[in-house]
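Here is a quick tour of a protein chain for someone who would rather be at the bench. Have the sequence and the 3D view open as you read.

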Amino acid sequence: MDWRVRAIRGATTVSENSVAAIREAVIELLNELETRNQLDPDEIISLTFSVTKDLDAIFPAAIARERPLWHNVPLLDVQQMHVEGSLEKCIRFLVHVNLPAHQTQVYHPYLRGAKNLRPDWNLTPIHLS
């Protein structure tokens with residue numbers, strides 16, 4: 001089978017800077033990523049999370065490492081560049097995955113308050129060439 005590397009973006013927001021709120025949002029976001037794209041964690045090359053400066057209760061990568069079959073996924077957390085007036089309490093990700101070459105669509109999950117960041121990508125399948 002032929003494979004191609006694809007990049008998938010996504011984001012969500014949390015109501016507060018707490019372990020419980022961040023955990024709930026990250027789990028929801030990664031569930032959408034896996035389910036909508038029919039991803040097998042073995043196909044994930046790496047995933048980088050970025051969080052706004054107002055979130056520091058827990059690393060999103062620490063939550064992702066708890067997922068079944070994610071023990072070999074390289075994960076990284078970084079702080080999102082602060083821009084005055086930008087969306088607060090936001091968690092974003094960029095994941096690189098190997099997908100079968102015939103899989104010509106991906107879903108970029110933008111959830112909760114992050115839906116407006118990329119309304120053109122918000123759970124709409126993107127057809128790739």
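What follows goes from the overall build to the sheet, the first helix and the salt bridges.

## Ground rules

This is a predicted model, in which local features need pLDDT of at least 70 and side-chain atom pairs count only at pLDDT 80 or more, while totals for chains, interfaces and linings use all residues. Residues are numbered from 1 along each chain as its sequence is written, and side-chain values use heavy atoms, with hydrogens and water left out.

## The overall build

The protein chain has two helices and six strands. Here helices (H or I, at least four residues) and strands (E, at least two) are DSSP runs, numbered from the N terminus. Read from that end, the elements go β-α-β-α-β-β-β-β. The radius of gyration of the protein chain is 14 Å, close to the 14 Å from the globule rule for 129 residues, so the chain is as compact as a globular protein of that length. That radius is taken over C-alpha atoms, and the globule rule is 2.2 Å times the number of residues to the power 0.38.

Along the principal axes, the C-alpha atoms fill a box of roughly 45 × 30 × 20 Å. Of the 129 residues, 40% count as buried; buried means under 20% relative accessible area, exposed over 50%, and partly exposed in between (1.4 Å probe, protein chains only). Take the contacts (heavy atoms within 4.5 Å) between residues at least 6 apart in sequence: 78% of them join residues at least 24 apart.

## The sheet

Four strands make an open sheet in the order 1-4-2-3, with mixed pairing. Strand 1 and strand 3 are the edge strands, each pairing on one side only. Two strands count as paired if DSSP finds at least two bridges between them. From one strand to the next, the twist averages 15°.

Strand 4 (residues 90-100) is mostly covered, with eight of its eleven residues buried. Strand 1 (residues 3-13) runs antiparallel to strand 4, and eleven bridges join the two; Gly10, for instance, stands opposite Phe93. Strand 2 (residues 44-51) also pairs with strand 4 in the antiparallel sense, over seven bridges. Among the partners here, Ile44 is matched with Val97 and Thr48 with Leu94.

## Helix 1 across the sheet

How does helix 1 lie relative to strand 1, strand 2 and strand 4? Helix 1 lies across these three strands and runs at about 145° to strand 1. For that angle, axes are lines fitted to C-alpha atoms, for helices over the stretch in contact, and angles run from 0 to 180 degrees between N-to-C directions.

The buried residues of helix 1 are Ala21, Ile22, Ala25, Val26, Leu29, Leu30, Leu33, Glu34 and Asn37. They pack against strand 1, strand 2, helix 2, strand 4 and strand 5. The length of helix 1 checks out too: at 1.5 Å a residue its 19 residues should span 27 Å, and its end C-alpha atoms are 27 Å apart. That expected span is 1.5 Å times one less than the number of residues. After helix 1 comes Gln38, whose phi is positive, near 50°.

## Salt bridges

How many salt bridges are there by the rule used here? The count is five, where a salt bridge is a side-chain nitrogen of Lys or Arg within 4 Å of a carboxyl oxygen of Asp or Glu. One of them joins Arg23 and Glu66, at 2.6 Å from N to O. Arg23 belongs to helix 1 (residues 19-37), while Glu66 is in the loop between helix 2 (60-64) and strand 3 (75-79), 43 residues apart. Arg23 is partly exposed at 25% relative accessibility, whereas Glu66 is exposed at 55%.

Glu24, Glu28 and Arg112 are linked in a salt-bridge network. Arg112 meets Glu24 with the closest N and O atoms 3.2 Å apart. Arg112 sits in the loop between strand 5 (105-107) and strand 6 (125-127) and Glu24 in helix 1, so this pair ties together parts 88 residues apart in sequence. Arg112 also bridges to Glu28, at 2.7 Å between the closest N and O atoms. Glu28 is in helix 1 as well, so that pair ties together parts 84 residues apart in sequence. As for exposure, Arg112 is partly exposed at 30%, Glu24 is exposed at 52% and Glu28 is partly exposed at 32%.
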